[in-house]
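Trainee: Could we go through this structure together? I would like to learn how each label is earned.
Mentor: Gladly. Ask away, and we will set each value against its cut-off.
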Amino acid sequence: MSFLELQQVSKSYGEGQTEVHALSNITLSVDRGGLVAVMGPSGSGKSTLLTIAGSLEEPTEGEVLIDGQPLSSLSRNEKARLRRRTVGFVFQDFNLLAGLTAVENVSLPLELDGVGARRARVAGLQALEDLGLADRAGHFPDELSGGERQRVAIARAVVGDRHLVLADEPSGALDSTNGEAVMRMILAACKRGLAAIVVTHDAQLASWADRVVFLRDGRIVDQTIPPPSPEALLQDVRNP
Amino acid sequence: MTVMTRPREFSAAERLPDNGGRPGRRAMTRWAWRLFRREWRQQLLVLALIVVAVAATVIGAAAATNSPPPKNAGFGTAQDLVTLGPSPALAHQIAAVEHRVGRVDVIENQSLIIPGTIEAYDLRSQNPHGAFGQPMLALVSGRYPTTTSQVAVTAGVAAAFRLHFGGTFSEGGTSRRVVGIVENPQSLLDAFALVIPGQVHAPTQVTVLFDKPPGVRLGPNVVTPSSVSNNNPLNPETIVMALATLGMLLIALVAVGGFTVLAQRRLRSIGMLGSLGATDRNIRLVVRMNGVVVGVVGTLLGAVLGVLAWLAYRPHVEASSHHLIGLWALPWAVIGPSMGLAVLATYFAASRPARAMAKVPIVTALSGRPPSPKPAHRSIVPGVLAIVAAILLLGVSGASSHGGGMPELIFGLVALIVAVILLAPLCVSALARVSSRAPIGLRLALRDLARYRSRSSTALAAVALGVLIAVIVAVAAAARYGNVLD
């Protein structure tokens, strides 16, 4: 069963002559453990797709289901709870909260959900350690490099028991090495059962995904199943 | 790099249903405090206003309450006193009082003229260790007289008679050696020469201090501190408290604009918070906590500054009010509530932007673009009604004779303040409309003010109320002191 389903989702902004159709009749599903890459030119609706899938915006038409639950049936507070517990976002420009250290940023969703500060900190430290950032836990975002900041953002997106990661150009502000590292981390999260959608302009990074969806003018124009990723090929060589 | 992200389950008992409960509030408070530490310079205007207001309240309240003579001036530690004039039966009268009330402290004064001047001084007999009169006598230097041939004088008497330690003070044919300099801490203008009890042979006034035992009835010439104190409800504490309240209202109006600008600068962070699952309540809490932090820090700084300034200013107040003032004789009953009021003012000032920020859609907030201001369609009727009521009430107040009309005056001023606040947005819009022929810079500024009039109108209202207060003070002062013969 799909963990995330978008059913005939449309989104338009404005009214009358100024109306803009950002998305038109999008139907998309992501299974648990699945990684879907979304590609398309600027203004094609990629980011809107993510924000609607993550309950940050409501579709004009259609329905979004997360773990079988329609988002339209949830109140504002219930959607907020869903984002705290189930959905993690990764943005191009990291969007870490200034004034909070790396570990405080990571543990914040847990604290917002009522988990005690000490327990949340332990979980945050564990998430940072998993991503090789334990020694940077006490640093503030402006003391971290771009790659480190994005790893903190990923740790924040997966901390606790999240099941869905929505990443909007996570490697957009990073060099190719760090970009690949970030994709590897998202892929690792998927391998332990998380569903993920990654918006990217980079075809090479998109090739890591199980499926690539092409958007143009708010419509899905193509979907491909890419050839096996380099890691998969290596794995095949190791385990013939 | 090995990535070992593992799911960590948190039980339902570990999570609270909404808003994160105490951990959530703590996290929001921590973030608000950290943001203040990082960005306090951006809040300098509001912070400075709070510091100045609280410091001014501390100094103003201390000066206002300490300038009048103490309520127990002339009583020492006694609750009652009776003043007796010269009489052959004086000794019997004192004995009668002592018989009825028990322990008494007798201070005898003989009024004398400083030779060659029209200034008077008292030859005073008082026991420095008496039961009630000790607060009215203090030794500046030397010692108190202990024999009939010794005297202690105040600095004024010493200067008038050019006396010094060991010198001789002659009065009425009696010479006494000066052994000390004394003063009356409750009245520094009190000029007297202190001798031991029983050495004033022709007293012009005798004060008997005592505590009336319960059930004992005394004559109408007995006075108490409360019977001589000013029973006017508009005492210094009340006036300072009213001024502090008005001042905090003005600061709150200015702070609304400041906190709104600051909240909009943090729009992306607030959007990020929303995307992490923060509820509207969490977001409101962050903005409000920011206001509280500014209020608390400003209040504490202002209180410290005010106390330091008071310590420096206190000698001047002592000199002008002619009585000693205790180092820590601060009216905490006024200062405490004023400090609380300052924190409340910032809390309520931050509440409005807090509500506005919670309504901004998360995607809009994440983009960092402030949402377009929605056209406000507020009725001007309440504002017009308030100004009409203010004019009527103030008119009635002015027309009443014999010092009446105080309730009308107070309600009229309140209605005027409400009218200024309600009509300020209309004035901003009207200014923008008439600016079509103004130079481009002014036109743009006025139109921008009108576009964001939710915050510009509060600043306009604060300025207008500030000018209103200045005008009221000027008019009242002119009316009170306009007559040079007064």
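Trainee: Among contacts in chain A between residues at least 6 apart in sequence, what percentage join residues at least 24 apart?
Mentor: The figure is 69%. Keep in mind that this is a predicted model.

Trainee: How many helices and strands does chain A have?
Mentor: Chain A has 8 helices and 10 strands.

Trainee: What makes chain A as compact as a globular protein of that length?
Mentor: Set two values side by side. The radius of gyration of chain A is 18 Å, and the globule rule gives 18 Å for 240 residues, so chain A is as compact as a globular protein of that length. Along its principal axes, the C-alpha trace spans about 50 × 50 × 35 Å.

Trainee: What share of chain A counts as buried?
Mentor: Of its 240 residues, 52% do. The cut-off is 20 or more other C-beta atoms within 10 Å of the residue's own.

Trainee: Why is Leu164(A) called buried?
Mentor: Leu164(A) has 23 other C-beta atoms within 10 Å, and the label asks for 20 or more. Therefore Leu164(A) is buried. You will find this residue in strand β7 (residues 164-168) of chain A.

Trainee: Which residues is Leu164(A) in contact with, leaving aside neighbours within four places in sequence?
Mentor: Its contacts are Phe3(A), Leu4(A), Ile66(A), Thr86(A), Val87(A), Leu194(A) and Ala195(A). Take Val87(A): it is 77 residues away from Leu164(A) along the chain, yet their C-alpha atoms are separated by 4.8 Å.

Trainee: Why is helix α1 of chain A described as largely enclosed by the rest of the structure?
Mentor: Count its buried residues: 8 of the 8 residues of helix α1 (residues 46-53) are buried, so the helix is largely enclosed. They are Lys46(A), Ser47(A), Thr48(A), Leu49(A), Leu50(A), Thr51(A), Ile52(A) and Ala53(A). Just after this helix, Ser55(A) takes a positive phi of about 70°.

Trainee: What makes α3(A) and α5(A) roughly parallel to each other?
Mentor: Helix α3 (residues 102-112) and helix α5 (residues 146-158) of chain A pack at about 25°, with their axes 7 Å apart. Angles under 35 degrees count as roughly parallel, and therefore these two helices earn that name. α3(A) passes α5(A) in a right-handed crossing.

Trainee: Which residues meet there?
Mentor: Ala102(A), Asn105(A), Val106(A) and Pro109(A) in α3(A) meet Val152(A), Ala155(A) and Arg156(A) in α5(A). By class, that contact has 5 nonpolar, 1 polar and 1 charged residues.

Trainee: Now chain B. How do you know that α2(B) is roughly antiparallel to α9(B)?
Mentor: The axes of helix α2 (residues 44-66) and helix α9 (residues 332-359) of chain B come within 10 Å and cross at roughly 165°. Angles over 145 degrees count as roughly antiparallel, so α2(B) is roughly antiparallel to α9(B). The contact includes Ile50(B) and Val54(B) of α2(B), and Ser338(B) and Met339(B) of α9(B). Its residues divide into 10 nonpolar, 3 polar and no charged.

Trainee: Why is α1(B) called oblique to α8(B)?
Mentor: Helix α1 (residues 21-39) and helix α8 (residues 280-321) of chain B pack at about 45°, with their axes 8 Å apart. That angle is not under 35, not over 145 and not within 65 to 115 degrees, so the label left is oblique. The crossing of α1(B) past α8(B) is right-handed. The residues of this contact divide into 11 nonpolar, 4 polar and 1 charged.

Trainee: What makes Val296(B) partly exposed?
Mentor: Val296(B) has 18 C-beta neighbours inside 10 Å. Buried needs 20 or more and exposed needs 12 or fewer, so Val296(B) counts as partly exposed. This residue is in helix α8 of chain B.

Trainee: Lastly, how many residues does each chain bring to the contact between chain B and chain A?
Mentor: Chain B brings 34 residues and chain A brings 40. On the side of chain B, α1(B) gives the most, with 9 residues. That side divides into 15 nonpolar, 9 polar and 10 charged residues.

Key
Residues are numbered from 1 along each chain as its sequence is written. Chains are lettered from A and ligands numbered from 1 in the order in which they are written. This is a predicted model: local features need pLDDT of at least 70, side-chain atom pairs count only at pLDDT 80 or more; totals for chains, interfaces and linings use all residues. Axes are lines fitted to C-alpha atoms, for helices over the stretch in contact, and angles run from 0 to 180 degrees between N-to-C directions. Helices (H or I, at least four residues) and strands (E, at least two) are DSSP runs, numbered from the N terminus. A crossing is left-handed if the near helix is turned anticlockwise from the far one by less than a right angle, and right-handed if clockwise. Ala, Val, Leu, Ile, Met, Phe, Trp, Tyr, Cys and Pro count as nonpolar, Asp, Glu, Lys and Arg as charged, and the others, Gly among them, as polar. Two residues are in contact if their C-beta atoms, placed from the backbone, lie within 7 Å. The radius of gyration is taken over C-alpha atoms; the globule rule is 2.2 Å times the number of residues to the power 0.38.
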